[in-house]
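Subject: Structure for you to look at

Hello,

Here is the structure I promised to pass on. Please open it and keep it beside this email as you read.

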Amino acid sequence: MPLYVNCTTGEIVCQEEINNYELDDGRRDWKKRKKMSLKVAELMYNYDPERAEIIRNCGTYLEFARFGDGSEKLRHANFCRQRLCPMCQWRRSIKLRVQADQIYKLLEERGYKHIFLTLTVRNCTAQELPFTVEHIFQSAAKLKRQKIYRNAVRGAYRAFEITYNPDENTYHPHFHLLLTVEGDYFNKENPSYITHDMIMQAWRKVAELDYDPYVHIEGIKLKENQTMTAACVEICKYPTKSAEICSATVLQTIDYALRGRRLIEWSGIDADVRRELKLDDIETGNLIQTQETEGDVPLEKVVYIWRYGLYIPMDLKKLKEGTA
């Protein structure tokens with residue numbers, strides 16, 4: 001049975017006891033995310049070994065501040081910031097939810113309401129995907145200039161996503177939007193109210209489609225004590241889910257189709273509020289501090305490193321066979 005030694009205390013630990021030392025901040029499964037990143041790196045080695053190595057080494061060093069109540073907060077880490085890295089996608093999703101909570105709380109206080117909107121086109125092949133992605137982005141830009149949109153929408157959060165259908169070997173590029181509207185938008189007399197058929201026809205026109213596309217539009221009605229973040233948890237996920245891909249070919253196809261694309265966009269009053277709150281960019285901003293820092297003074301620093309397939313304290317090292 002493998003043995004480990006704590007280089008600081010000299011304590012010998014067996015494999016069965018190692019779980020007592022493993023990172024557990026009480027909220028998040030770091031090991032799960034790291035293993036996802038290793039999986040993506042393995043697939044990427046088939047077509048881009050340099051970037052694969054960067055992803056493979058992501059999150060191997062995590063430094064936490066430990067506080068008096070026993071809680072730990074991440075202070076430093078070697079995140080790779082690659083778009084397809086599941087570890088970094090996870091951190092961006094956390095940050096996105098925190099920012100959305102701040103933005104929509106302020107917009108609610110100012111009397112605004114919100115709508116979910118999903119815009120899609122038919123699935124396409126790998127060869128068609130780059131063209132389809134370019135076309136759907138151009139069409140979304142055209143939709144923003146349409147009267148139906150300009151009359152009703154005051155701001156928006158937009159996320160672009162590509163999913164893969166393994167049964168048909170096709171790709172599904174689509175947009176999720178969270179639209180901000182005036183407080184009286186849902187009044188029956190409101191001439192700016194958008195019905196499902198109106199938005200579907202508008203999207204069909206700007207996208208120049210010869211079929212009725214699937215669109216979904218729905219007003220958000222908060223339950224008692226429910227926040228906007230809880231109501232729109234799905235849209236606040238970082239849109240690229242590379243960890244769900246099990247083929248290097250599929251990963252490469254989506255990777256190339258997304259290059260140079262901005263997956264997340266804020267516009268109108270939503271963007272104004274982001275600037276007012278001085279929130280940094282989801283894509284390029286800080287992935288360590290995902291929310292406001294706490295006021296308590298940390299008692300100590302705790303460092304975990306990725307070794308032997310799990311996160312353990314840096315001082316814990318495996319003894320070689322024959323060592324006693």
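One term before we start: a contact means heavy atoms within 4.5 Å. Angles between elements run from 0 to 180 degrees, taken between N-to-C directions. Keep in mind that this is a predicted model.

**The overall picture**

The chain has 324 residues, and 48% of them are buried. It contains nine helices and 12 strands. Take the contacts between residues at least 6 apart in sequence: 71% of these join residues at least 24 apart. The accessible surface is about 17,000 Å², with 47% of it from carbon and sulfur atoms.

**The five-stranded sheet**

One open sheet has five strands in the order E8-E5-E7-E6-E9, paired antiparallel. Strands E8 (215-219) and E9 (264-267) are at the edges. Each has a single partner strand, so one side of each lacks a neighbour in the sheet. From one strand to the next, the twist averages 15°.

Look at E6 (residues 153-165) and E9: four bridges join these antiparallel strands. Arg-158 stands opposite Glu-265 in E9. Now find helix H6 (residues 196-206). H6 lies across E5 (113-120) and E8, and runs at about 140° to E8.

**The four-stranded sheet**

A second group of strands is worth tracing. This open sheet has the order E4-E3-E10-E11, again with antiparallel pairing. Its edge strands are E4 (72-77) and E11 (310-313). Here, neighbouring strands are turned by 35° against each other on average, direction ignored. E3 (residues 61-66) and E10 (residues 300-307) pair over six bridges. Leu-62 has Tyr-304 in E10 as its bridge partner.

**The aromatic rings**

The structure holds 14 aromatic pairs. One of them is Trp-30 with Trp-90, edge-to-face at 4.9 Å centre to centre, with 80° between the planes. Trp-30 is in helix H1 (residues 30-44) and Trp-90 is in helix H3 (residues 86-109), 60 residues apart. Are these two buried or exposed? Buried means under 20% relative accessible area. Trp-30 has 2%, so Trp-30 is buried. Trp-90 has 8%, so Trp-90 counts as buried too.

Ring pairs also link Trp-30, Phe-64, Trp-90 and Tyr-304 into a cluster. Arg-91 lies over the face of Trp-90, 6.0 Å from the ring centre. Elsewhere, Arg-122 lies over the face of Tyr-211, at 3.8 Å from the ring centre.

Best wishes

How values were computed: Residues are numbered from 1 along each chain as its sequence is written. This is a predicted model: local features need pLDDT of at least 70, side-chain atom pairs count only at pLDDT 80 or more; totals for chains, interfaces and linings use all residues. Side-chain values use heavy atoms; hydrogens and water are left out. Two strands pair if DSSP finds at least two bridges between them. Helices (H or I, at least four residues) and strands (E, at least two) are DSSP runs, numbered from the N terminus. Buried means under 20% relative accessible area, exposed over 50%, partly exposed in between (1.4 Å probe, protein chains only). Accessible areas come from the Shrake-Rupley method with a 1.4 Å probe; for residues, only the protein chains shown count as cover. Rings of Phe, Tyr and Trp (its six-membered ring) pair if their centres lie within 6.5 Å; planes under 30 degrees apart count as stacked, over 60 as edge-to-face and the rest as tilted. A charge sits over a ring if NZ of Lys or CZ of Arg is within 6 Å of the ring centre and within 35 degrees of the ring normal.
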